[in-house]
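Colleague: Could you take me through one part of this model closely, namely the place where the ligand sits? I'd like the surroundings first, then any odd backbone geometry you came across.

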Amino acid sequence: MVLAMLSAWPISEPPATPRELNTRLFGLEFRNPVGLAAGLDKDAAAPAAWQSLGFGFAEVGTITPRPQAGTSRPRIWRLPEQRALINQLGFPSKGMEAVGRRIEQFRAKGLKLRIGINVGPNKDTPASRVAADYAMLARGLGAIADFMVINLSSPNTPGLRAFQSPERLREIRSAIDEPRRSTVCYLVKLSPDIDATELGAICDTIVQLGFAGIVATNTTLARTELGIAWDQAGGLSGRPLRERSRNMIRAIRRRIGAQIPIIGAGGIASADDAYGHIRAGASLVELYTGLIYEGPTLAASLNAGLAALLRRDGFSSISEAVGVDA
Ligand SMILES: Cc1cc2nc3c(=O)[nH]c(=O)nc-3n(C[C@H](O)[C@H](O)[C@H](O)COP(=O)(O)O)c2cc1C
């Protein structure tokens, strides 16, 4: 409903952001490091609105090859006291052709926002064809993305998380590299529930295979940090996820150093939250649940707050603060 209203937002100049927030990654300039996380704008309904609200980039999707409806309702639950959401959406998507056309239309009208395109397989795709789905998505959408995110970590598509294993990552990489090598960057989005003993090998494989970055993290199936009994299945996001995501960002940074950048997500609702993820190792940050509880001015206030925190600590740019706590 709100998205339908936002989709009519006219394209206007992005608001000015402090110069120390400019950052260069994947060969691209980002006006600031605060992005919209995947899942809120699955069909690229409102990129002009995200640009006007001060986001430095938006990850649209998850987009699937063919249109699909996702799980039946209800499929999102609010936990306001915990500042959390639980969702079981299961990738509702208008499909790659329709969403691709929409992104092209925004580009043609002069949209400046950086767009990450997050992709995933259709629900009825058998495990043996999942890599082929990613290949199709890469072919169909690679040319219009600033970067692409291979989503291997949503808990609501059965079996998807198994594709985070080194063998499966190799399979996906060779599928998206065929039939011709595209110039777009591919990142991998990871779950915060990966076992600490497996994380190292997964990160090493991601680097070896030439992926351009890691998005950490998706939602969690764990309820340890929730603090209340809640038996609804689905992915938990928001404040209870924050430390789990940050620990994972730190662990990835310790393992791979600065070889490839991390985009940090999970429980960001203030400039301090965003700064903590950056100091743990994230070069960019993204949020979804914080926007639901804090409202549409959040990206602008995070940018103002981040600039103040950098100045306080004597950093002249975001990149100087990345990973200082790792
Ligand atoms: C309702 C909802 C839907 C989501 N859908 C997707 C999705 O389609 N693809 C994806 O990669 N992540 C999806 N996510 C995960 C977010 O992109 C993000 O990784 C996670 O929610 C942690 O950030 P947050 O605590 O700021 O929400 C979704 C999250 C929520 C709350």
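Modeller: What follows is a walk around the ligand and then along the backbone. Keep in mind that this is a predicted model.

Let's start with the site. The ligand sits in the largest cavity. The elements that contribute two or more residues each to the shell around the ligand are β4 (57-63), β6 (84-87) and β11 (235-238). In total, 24 residues surround the ligand, and the closest are Ala 38, Lys 42, Thr 62, Gly 267 and Thr 289. Sorted by class, that shell has 14 polar residues, eight nonpolar ones and two charged ones.

Now for the polar contacts. Lys 42 places a polar side-chain atom 2.7 Å from an oxygen atom of the ligand. With Thr 62, a polar side-chain atom is 2.7 Å from a ligand nitrogen atom. Thr 289 has a side-chain N or O atom 2.6 Å from an oxygen atom of the ligand. As for cover, the ligand taken alone would expose 600 Å², and the protein buries 98% of that.

Thr 62 deserves a second look. This residue is found in strand β4, one of the elements that give two or more residues to the shell. The peptide bond leading into Thr 62 from Gly 61 is cis, with omega near 10°. Most peptide bonds are trans, so that one is worth checking on your screen. There is also a cis bond between Ala 216 and Thr 217, where omega is about 15°. Thr 217 is found in the loop between β10 (213-216) and β11, and β11 is another of the elements that give two or more residues to the ligand shell.

Then there are the phi angles. Most residues other than glycine have a negative phi. Two phenylalanines go the other way. Phe 26 has a positive phi, near 50°, and lies in the loop between β1 (23-25) and β2 (28-30). Phe 91 also has a positive phi, about 55°, and lies in the loop between β6 and α3 (96-108). β6 is again on the list of elements with two or more residues in the shell around the ligand.

Are these two phenylalanines buried or exposed? The cut-off for buried is under 20% relative accessible area. Phe 26 has 16%, so it counts as buried. Phe 91 is at 3% relative accessibility and therefore counts as buried too.

Terms used. Residues are numbered from 1 along each chain as its sequence is written. This is a predicted model: local features need pLDDT of at least 70, side-chain atom pairs count only at pLDDT 80 or more; totals for chains, interfaces and linings use all residues. Side-chain values use heavy atoms; hydrogens and water are left out. A residue is near a molecule or strand if one of its heavy atoms lies within 4 Å of it. A polar contact is a pair of N or O atoms within 3.5 Å; within protein, one must be able to donate a hydrogen and the other to accept it, and residues adjacent in sequence count only if both atoms are side-chain atoms. Accessible areas come from the Shrake-Rupley method with a 1.4 Å probe; for residues, only the protein chains shown count as cover. On a 1 Å grid over the protein atoms alone, a cavity is a set of points where a 1.4 Å probe fits but cannot get out, and a pocket is an open set with protein on both sides within 12 Å along at least five of seven lines; lining residues have an atom within 4 Å of a point. A molecule sits in a cavity or pocket if more than half of its atoms lie within 2 Å of its grid points. Helices (H or I, at least four residues) and strands (E, at least two) are DSSP runs, numbered from the N terminus. Ala, Val, Leu, Ile, Met, Phe, Trp, Tyr, Cys and Pro count as nonpolar, Asp, Glu, Lys and Arg as charged, and the others, Gly among them, as polar. Buried means under 20% relative accessible area, exposed over 50%, partly exposed in between (1.4 Å probe, protein chains only).
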